Structure formats: structure tokens, C-alpha cells
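Got your viewer ready? Let's take a walk through the salt bridges, one selection at a time.

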Protein chains: 2
Amino acid sequence: MEDVRHVLQLITRRFGFLNKNCCSVGGVDVSLIQSHILYEIDRQHHPSMQQIAETLGMDITTFSRQVQSLIRKKLVKKSPSDQDRRVYILELTTEGKFVAAAIEQQVQDYLTQIFFHMNEFEKETVIRSLKLLNASMEKTGVCCS
Amino acid sequence: MEDVRHVLQLITRRFGFLNKNCCSVGGVDVSLIQSHILYEIDRQHHPSMQQIAETLGMDITTFSRQVQSLIRKKLVKKSPSDQDRRVYILELTTEGKFVAAAIEQQVQDYLTQIFFHMNEFEKETVIRSLKLLNASMEKTGVCCS
DNA sequence: GACTTTACTTGCAAATTGCAAGTATAAGAT
DNA sequence: ATCTTATACTTGCAATTTGCAAGTAAAGTC
């Protein structure tokens, strides 16, 4: 139990490294945080700025500027909502989707490699455990909608 | 399998948030990265600068300055090695140990909370799974000695 | 003893941060 | 209807953090 922190720290670090290295696609470079933003915009259906900033636990002003940067790179599109014109709806451009997919592919390749060292039973156990852990973390409600 | 990335992303994020919030001890504030530095100096026995920077995957120059900052806060001590006077040996000061321990305590409390939602069997399975996952990640050798 | 490598630091310019203060729209109160 | 308050987002600014290039100083190599 004492070493759970350490193991989690290592897993987190390794997973973070992965993302860090995988953020250059074609001519475009995106930072780690930007890749997370792309990822979340892709996942959530036409989210607002707030939603993504909240999900990622970022300060909204920092987020605002990151989005500006992604718009400059033509990876993200921002349009005012019809229902409430204070809010802006985010979506990926075609190129944004392409970059997100390329990153996704690299992550999946890495995950495949990792699970390659396990047999089917281990693999399933690990995946189930991760989900359970995540669910437990959610219950304690430290963060992240 | 497709959602493993997402689950890992969430776990990572939640675990990162935890650390982010837990870095004010007594009068002293340390950033997330600094808390990781303290943690690793504590773990490794009289490590050099390189070693910690490498472990954390940080640029050595950035690391150098972070250490300077921790020394200013009197949490870390740096002394030239006897064997090789180019290298500096790092260790925590008494206060540094105190801060590291306080952070450790907060993390452990959080982990206890998380596992509180599981029965003994689940708990053991999850811990075993995390170790297995970490070992598999290590085999693919993306990072982190 | 001259060259190379290694461990670490500093200069600098760019990027990233958060707070305070701003604009603009929406919702609620009278 | 309008006055106030709340919400969604942006901008100014000053502080921090970053990485590269160039530095120092000590080992190691030939």
C-alpha cells in the first residue's frame, strides 16, 4: 500500500512522457496541453470553452489563449452558440481531427505494445482494475467532471 | 481497449490534481514539479542532479534552477561529491523531509479514501494490476529509469 | 599536455502562467 | 422596462517557467 503512490507516480510519468513525445504530426507541433485540449474537444460533443477548461482543470484565461493558438494553427474552430451568445462552441477542423487521430494512433500503438507483454487474462484484469480505480477516484470527487 | 487511453488519462489527471492541491505545507509553497523533486530526492539515496533530472525527464537547466529555488526555500541541500567534484549530491534538509512527509501523508490519505470504496479482493487486484502495468510499461522502455 | 567528455550553471528570448480588469450577453428583481 | 447581478469569455500585465546556446570547471583519454 505504501508503494501504490510510487507505482501510480511512475505510470503517470510514463504515460505523460508518451504524450509529450507524440505531439508532432506532419508539419504541425502541438504541446502536451494542446493535445489534451484536442482530445477533449473531440470527445465531448460541441463543448463550450468552460466545459473543456473545467475538464482539464485549467484557468479559463490560460485556456482562452491556448485555444487562440490552436485556432491560429487551424486545428480548432470556435463559433458563438445560438442559444447563448456569450458562450463559444468548440470543434475540431478537418486538420484538427487528423492531428488528433494521428496522436490517438500513436497512443494506441504504445498501449498495444504494453499489453503485448500480458496474456489475455492479465490484460482483462488490468483493464478492469483501471476502470475500477478510476471509478473509485471519481467517488472521492477530487476533480474532473 | 479503445477506452484504456481515456481511463488512463483520467487517472493521470486526477492523480495530478491531487498533487497540485497538496503542495502547501506550513508556510512553504512548493509547485507540483518541486514536490516531485522532493519526492525523488527522498527516494533515491544521495542522488546527483543528473539522476533526478533524468528520472523526472526534465531538462537539466530547468532542473538546475528548480533546485536553486528549493535551496532558497531551505528544503534541499546540495554538496559537491567527494569522488567527482563535477557532480553535486542532493539531499533533503530537515525541513525538506518534513514537507515531503506532509505531502506523502496527504497522498496516502487520498489513496486510503479511494481504496475505502473497494473490498479487500478488489483492492489487492487493483494494486497487483498497477504493478503489472508499470512493469509492462518499463519493458517497452519509453522512459524513466 | 592537448583534446574530449561530462556535470552543472548562466544569458537570453520565447512561451505559459494567474490575477485583475475589461466587454458583452443573459437572467433576475422591482 | 430598467436596474442589478451573474455568466462566458478576452485582454493587460507582471511573474514564472521553459529550452537552447554558450559558458565554467573537473575528469577521462590519447
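Start by selecting B:Glu104, which is partly exposed at 24% relative accessibility. Keep in mind as you look around that this is a predicted model.

Now add A:Arg5 to your selection: its side chain and that of B:Glu104 meet in a salt bridge, 2.5 Å from N to O. This pair crosses between chains, with A:Arg5 in helix H1 (residues 4-21) of chain A and B:Glu104 in helix H5 (residues 94-116) of chain B. Is A:Arg5 buried or exposed? It counts as buried, because its relative accessibility is 2% and the cut-off for buried is under 20%.

Next stop: pick B:Asp3 and A:Lys131. They form a salt bridge too, and their closest N and O atoms are 3.4 Å apart. Here again the pair crosses between chains: B:Asp3 sits in the segment before helix H1 (4-21) of chain B, while A:Lys131 belongs to helix H6 (residues 120-140) of chain A. B:Asp3 is partly exposed at 31%, and A:Lys131 is partly exposed at 38%.

Now select B:Lys77 and B:Glu91. What do they form? A salt bridge, with the closest N and O atoms 3.8 Å apart. B:Lys77 is in strand E3 (residues 76-80) and B:Glu91 in strand E4 (residues 88-92), so the pair ties together parts of chain B that are 14 residues apart in sequence. B:Lys77 is partly exposed at 45%, and B:Glu91 is partly exposed at 26%.

For the last selection, grab A:Arg13, B:Glu40 and B:Arg43: salt bridges with shared partners join them into one network. Over all chains, the count comes to twelve salt bridges.

Conventions: Residues numbered from 1 in each chain as written. Chains lettered and ligands numbered in written order. Predicted model: local features only at pLDDT ≥ 70, side-chain atom pairs only at ≥ 80, totals over all residues. Heavy atoms only, no water. Salt bridge = Lys/Arg side-chain N within 4 Å of Asp/Glu carboxyl O. Helix = DSSP H or I, 4+ residues; strand = E, 2+ residues; numbered from the N terminus. Buried < 20%, exposed > 50% of the residue type's maximum accessible area, 1.4 Å probe, protein only.
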